[in-house]
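Q: Can you walk me through this structure, starting with its open and closed spaces?

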Amino acid sequence: MIATSPYPRQPEAPRWQAEMAAAVRTPEDLVASLALPEELLPAARAASEVFPLRVPRAWLERMARSDVSDPLLRQVLPAAGELAEQAGFSGDPLAEAAARRAPGLLQKYRGRALLVTTGACAVHCRYCFRREYPYADDAGDRLDEALGEIAADASLEEVILSGGDPLSLSNARLGALTERLGRIAHVRRLRVHTRTPIVLPARVDEGLLAWLAALPWPAVVVLHANHPAEIAPEVAAACARLRASGVTLLNQSVLLRGVNDDATVLAELSRALFAVGVLPYYLHALDPVRGAGHFALPDERARQIAGELAATLPGYLVPRLVREVAEAAAKVVLPPLLPNPGVGSRGDAAGGC
């Protein structure tokens with residue numbers, strides 16, 4: 001006779017949660033996994049003490065081994081440049097403390113508000129503008145206050161789920177949150193800002209798709225990819241599943257020295273995104289957060305890159321180069337510096353492309 005346990009079997013964790021738990025978290029593991037020079041370790045250890053390292057192994061697999069200049073690696077490798085003080089760079093570069101209406105609720109622009117749903121992310125990007133965000137201040141059961149603020153302000157017609165990364169939350173928690181938002185009549189749109197489908201495409205599971213498909217409003221999912229090497233086949237499949245759920249897919253990138261500061265690379269990214277059903281939306285000038293100064297480019301160079309991109313691609317594939325300025329009424333557009341007319345720059349006789 002086979003004995004049976006008196007305790008109910010615990011359900012297995014979803015694959016994406018298991019992958020998050022198995023992420024690389026130490027410089028030693030990162031260096032060993034990619035056969036990188038051990039000379040990187042002292043600086044990487046020091047920088048990861050300030051801002052922890054976290055890299056999903058699915059993302060690691062897209063990196064070139066033994067290549068310290070790999071553009072995906074550079075986004076996540078703790079480096080000595082993070083420890084250098086740089087004038088104009090701070091822990092709260094966008095003055096989000098001043099935009100805080102309630103625990104976890106920020107309002108920067110008219111008509112929309114942002115919910116910091118979690119401090120967790122699938123990956124820790126070294127240029128993250130919320131490296132020093134006080135997530136502990138939003139901890140605990142503080143959601144009632146934020147939702148109360150949204151419900152009391154009829155001018156708020158769009159809610160943005162951010163973090164951290166909102167897709168670090170379980171499908172059940174996401175559903176509970178949007179069920180409560182759905183009771184607020186003046187909320188008409190939902191936006192989700194996430195990098196997780198790019199770095200951990202297994203997150204786009206059936207439960208997430210069911211949540212998206214059941215939302216009572218039009219939803220926009222804004223992804224975050226910076227380099228064409230990020231658009232792997234499994235990412236393409238995840239994007240196809242997201243599109244099938246009925247959401248609009250956009251992408252925002254950050255312009256990063258040594259990663260994508262090249263119009264040819266960015267043009268290829270736009271083509272790769274469009275091929276998987278994602279429209280380029282923003283190309284952000286780096287937010288001046290402490291620890292990320294080594295990624296910064298001068299505005300003139302950024303505008304030159306944007307101009308080269310505009311001269312290369314049709315307008316719908318050209319993201320707007322913008323900077324977020326604390327307390328400004330909207331993002332500030334940095335106008336492209338177009339290259340001088342030359343071969344291939346003639347206008348379309350039918351009226352422009």
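Q: What volume does the largest pocket have?
A: The largest pocket has a volume of about 1100 Å³. A pocket here is an open set of points on a 1 Å grid over the protein atoms alone, with protein on both sides within 12 Å along at least five of seven lines. Points are joined across faces, edges and corners, and a volume is the space filled by probe spheres set on the points.

Q: Which residues are closest to its centre?
A: F129, R130, S162, H193 and Q252 are the closest to the centre, out of 50 residues that line the largest pocket. Lining residues have an atom within 4 Å of a point.

Q: Is this predicted or not, and how are things numbered?
A: This is a predicted model, in which local features need pLDDT of at least 70 and side-chain atom pairs count only at pLDDT 80 or more, while totals for chains, interfaces and linings use all residues. Residues are numbered from 1 along each chain as its sequence is written, and side-chain values use heavy atoms, with hydrogens and water left out.

Q: Back to the pocket. Which strands supply at least two residues each of the lining?
A: β3, β4, β5, β6 (219–223), β7 (248–254), β8 (279–284) and β9 (320–323) each do so for the largest pocket. Strands are DSSP E runs of at least two residues and helices are H or I runs of at least four, numbered from the N terminus.

Q: How does that lining split by class?
A: The lining of the largest pocket has 27 nonpolar, 12 polar and 11 charged residues. Ala, Val, Leu, Ile, Met, Phe, Trp, Tyr, Cys and Pro count as nonpolar, Asp, Glu, Lys and Arg as charged, and the others, Gly among them, as polar.

Q: And closed spaces, how many cavities of 30 Å³ or more?
A: The count is two cavities of 30 Å³ or more, a cavity being a set of points where a 1.4 Å probe fits but cannot get out. The largest cavity holds about 60 Å³ of space. Elements giving two or more residues to its lining are β7, α11 (263–275) and β8.

Q: Which residues lie nearest the centre of the largest cavity?
A: S253, L269, S270, P280 and P319, from a lining of 13 residues. By class, the lining of the largest cavity has nine nonpolar, four polar and no charged residues.

Q: What about the second largest cavity, what lines it?
A: L167, V192, T194, L208, W211, L212, V221 and L242 line the second largest cavity, which has a volume of about 40 Å³. Helix α9 (residues 206–213) gives the largest share of that lining, three residues. Seven of the lining residues are nonpolar, one is polar and none is charged.

Q: New topic: β4. Buried or exposed?
A: Five of the five residues of strand β4 (residues 158–162) are buried, so β4 is largely enclosed by the rest of the structure. Buried means under 20% relative accessible area, exposed over 50%, and partly exposed in between, with a 1.4 Å probe and protein chains only. E158, I160 and S162 point one way, and V159 and L161 the other way.

Q: Which strands pair with it?
A: Strand β3 (residues 112–116) pairs with β4 in the parallel sense over five bridges, and L115 stands opposite L161. Strand β5 (residues 189–193) and β4 are also parallel, over four bridges, with R191 as the bridge partner of I160. Pairing requires at least two DSSP bridges between two strands.

Q: What connects β4 to β5?
A: Helix α7 (residues 171–181) forms a right-handed β-α-β unit with β4 and β5. Right-handed means that, with the strands pointing away from the viewer, the path from the first strand over the helix to the second runs clockwise.

Q: R191 again: which side chain does it meet in a salt bridge?
A: E158, at 2.8 Å from N to O. R191 lies in β5 and E158 in β4, so the pair ties together parts that are 33 residues apart in sequence. A salt bridge is a side-chain nitrogen of Lys or Arg within 4 Å of a carboxyl oxygen of Asp or Glu. R191 and E158 belong to a salt-bridge network with E157, R188 and R189.

Q: How many salt bridges does the structure hold?
A: The structure holds 24 salt bridges. One of them joins E82 and R126, with the closest N and O atoms 2.9 Å apart, and both residues are buried.
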